[in-house]
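Open the model in a viewer with the sequence panel beside it. The tour below goes from one selection to the next.

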Amino acid sequence: MNDAAEEPVYFEDIEEGIVVSCGSKTVSKTEIVEFAETFDPLPIHTDPDAATESRYGGIIASGYHTLSLTVRLLVDEIRSERAVIGGLGIDDVQWHTPVRPGDTITAINEVVGTRVSESDRDTGIVHDAITVTNQNGETVLTLDNYELVASRSDSK
């Protein structure tokens, strides 16, 4: 939650079809290289000379870096307000266009489905479709996210 005094957004409050822009993040070359050196040290992410010789013509962000940045945007805008119990999984992760130094990515979250959990009737499962674009409107990442959210009855 962003503010402990605010009531969380419970499962019952989440409506299918709601689309929310979850903010933007400009990605620097330094961030790309630092992430990659720690988590995905391929030359296309860490070595400017090798990256220039690659099919990409320069440094690109690791797809996992793009995914991590997206999660942060989602948490800041939506998930920190929801009564999230935990993530259940992600499906159909697709990287469409590389993220390059100086790109600004924007995440859009659409609630495409909600249902009461079969194993715990006091919780619900929220299915979000997430699309991330760059400053040119090109899609860089898409994925489906599933999370378990408490209902009001579970909070008592």
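Which backbone nitrogen does a side-chain oxygen of Ser62 reach at the start of H4? Select Ser62 and Tyr64: the backbone nitrogen of Tyr64 has a side-chain oxygen of Ser62 within 3.1 Å. Keep in mind throughout that this is a predicted model.

**Whole chain**

Zoom out and colour by secondary structure. The protein has four helices and five strands, and their order along the sequence is β-α-α-α-α-β-β-β-β. Along the principal axes, the C-alpha atoms fill a box of roughly 60 × 30 × 25 Å. The protein has 156 residues, and 39% of them count as buried. If contacts are restricted to residues at least 6 apart in sequence, 70% of them join residues at least 24 apart.

Switch on the surface. Its accessible area is about 8,400 Å², with 47% belonging to carbon and sulfur atoms. Then show the charged groups: there are 11 positive and 29 negative charges, and the mean positions of the two sets are 1 Å apart.

**Helix H4**

Select residues 63-79, which make up H4. The buried residues here include Gly63, His65, Thr66, Leu67 and Leu69; further along, Thr70, Leu73, Leu74, Ile78 and Arg79 are buried too. Now add what lies over them. The cover includes the strands S1 (19-26), S2, S3 (104-116), S4 (123-133) and S5 (139-150), as well as helix H1 (29-39).

**The nonpolar cores**

Next, select Cys22, Val99, Ile105, Val132, Val140 and Leu141. These have the most contacts inside the largest nonpolar core, a set of 20 residues. At least two residues of this core come from each of H1, H4, S3, S4 and S5, and H4 gives the most, with five. In soluble globular proteins, nonpolar side chains tend to be buried together.

Centre on Val99 and show its surroundings. Leaving out residues up to four places away in sequence, Val99 touches Val27, Ile32, Ile60, Ala61, Thr66, Ile105 and Val140. A second core is separate and has eight residues, among them Tyr10, Ala83, Val111 and Val126.

**His45**

Move to helix H2, residues 43-46, where His45 is placed. Is His45 buried or exposed? His45 counts as buried because its relative accessibility is 4%. Two polar links can be drawn from this side chain. One is a polar contact of 3.5 Å with the side chain of Asp40; the other runs to the backbone nitrogen of Ser62, at 3.4 Å. Ser62 is the residue from the opening stop, where a side-chain oxygen of Ser62 pointed to Tyr64. Beyond four places in sequence, the contacts of His45 are Ile32, Val33, Ala36, Asp40, Ile59, Ile60, Ala61 and Ser62.

**Gly57**

Follow the chain to the loop between helix H3 (48-53) and H4, and select Gly57. Gly57 is partly exposed, as its relative accessible area is 48%. Its contacts, neighbours within four places in sequence aside, are Ala51 and Thr52. For a distance check, pick the C-alpha atoms of Gly57 and Thr38: they are 22 Å apart in space and 19 residues apart in sequence.

**Lys25**

Go to strand S1 and select Lys25. Its relative accessible area is 27%, so Lys25 counts as partly exposed. Which side chain joins that of Lys25 in a polar contact of 2.7 Å? The partner is Glu31. Outside four places in sequence, Lys25 touches Glu31, Leu69, Leu73, Asp103, Thr104 and Ile105. Of these, Asp103 is 78 residues from Lys25 in sequence, with a C-alpha to C-alpha distance of 8.2 Å.

**His127**

Select His127 in strand S4. The side chains of His127 and Tyr146 form a polar contact of 3.3 Å. With neighbours within four places in sequence set aside, His127 is in contact with Glu110, Val111, Val112 and Gly113, and also with Asp144, Asn145 and Tyr146. Val111 has already appeared as a member of the second core.

**Asp92**

The last stop is Asp92, in strand S2 (residues 84-95). What is the sign of phi at Asp92? It is positive, near 55°, in a residue other than glycine. Most residues other than glycine have a negative phi. At 48% relative accessibility, Asp92 counts as partly exposed.

Methods: Residues are numbered from 1 along each chain as its sequence is written. This is a predicted model: local features need pLDDT of at least 70, side-chain atom pairs count only at pLDDT 80 or more; totals for chains, interfaces and linings use all residues. Side-chain values use heavy atoms; hydrogens and water are left out. Buried means under 20% relative accessible area, exposed over 50%, partly exposed in between (1.4 Å probe, protein chains only). Contact means heavy atoms within 4.5 Å. Accessible areas come from the Shrake-Rupley method with a 1.4 Å probe; for residues, only the protein chains shown count as cover. Lys and Arg count as positive and Asp and Glu as negative; His and the chain ends are not counted. The place of a charge is taken as NZ of Lys, CZ of Arg, CG of Asp or CD of Glu. A polar contact is a pair of N or O atoms within 3.5 Å; within protein, one must be able to donate a hydrogen and the other to accept it, and residues adjacent in sequence count only if both atoms are side-chain atoms. A nonpolar core is a set of buried Ala, Val, Leu, Ile, Met, Phe, Trp, Tyr and Cys residues joined through side-chain atoms within 4.5 Å.
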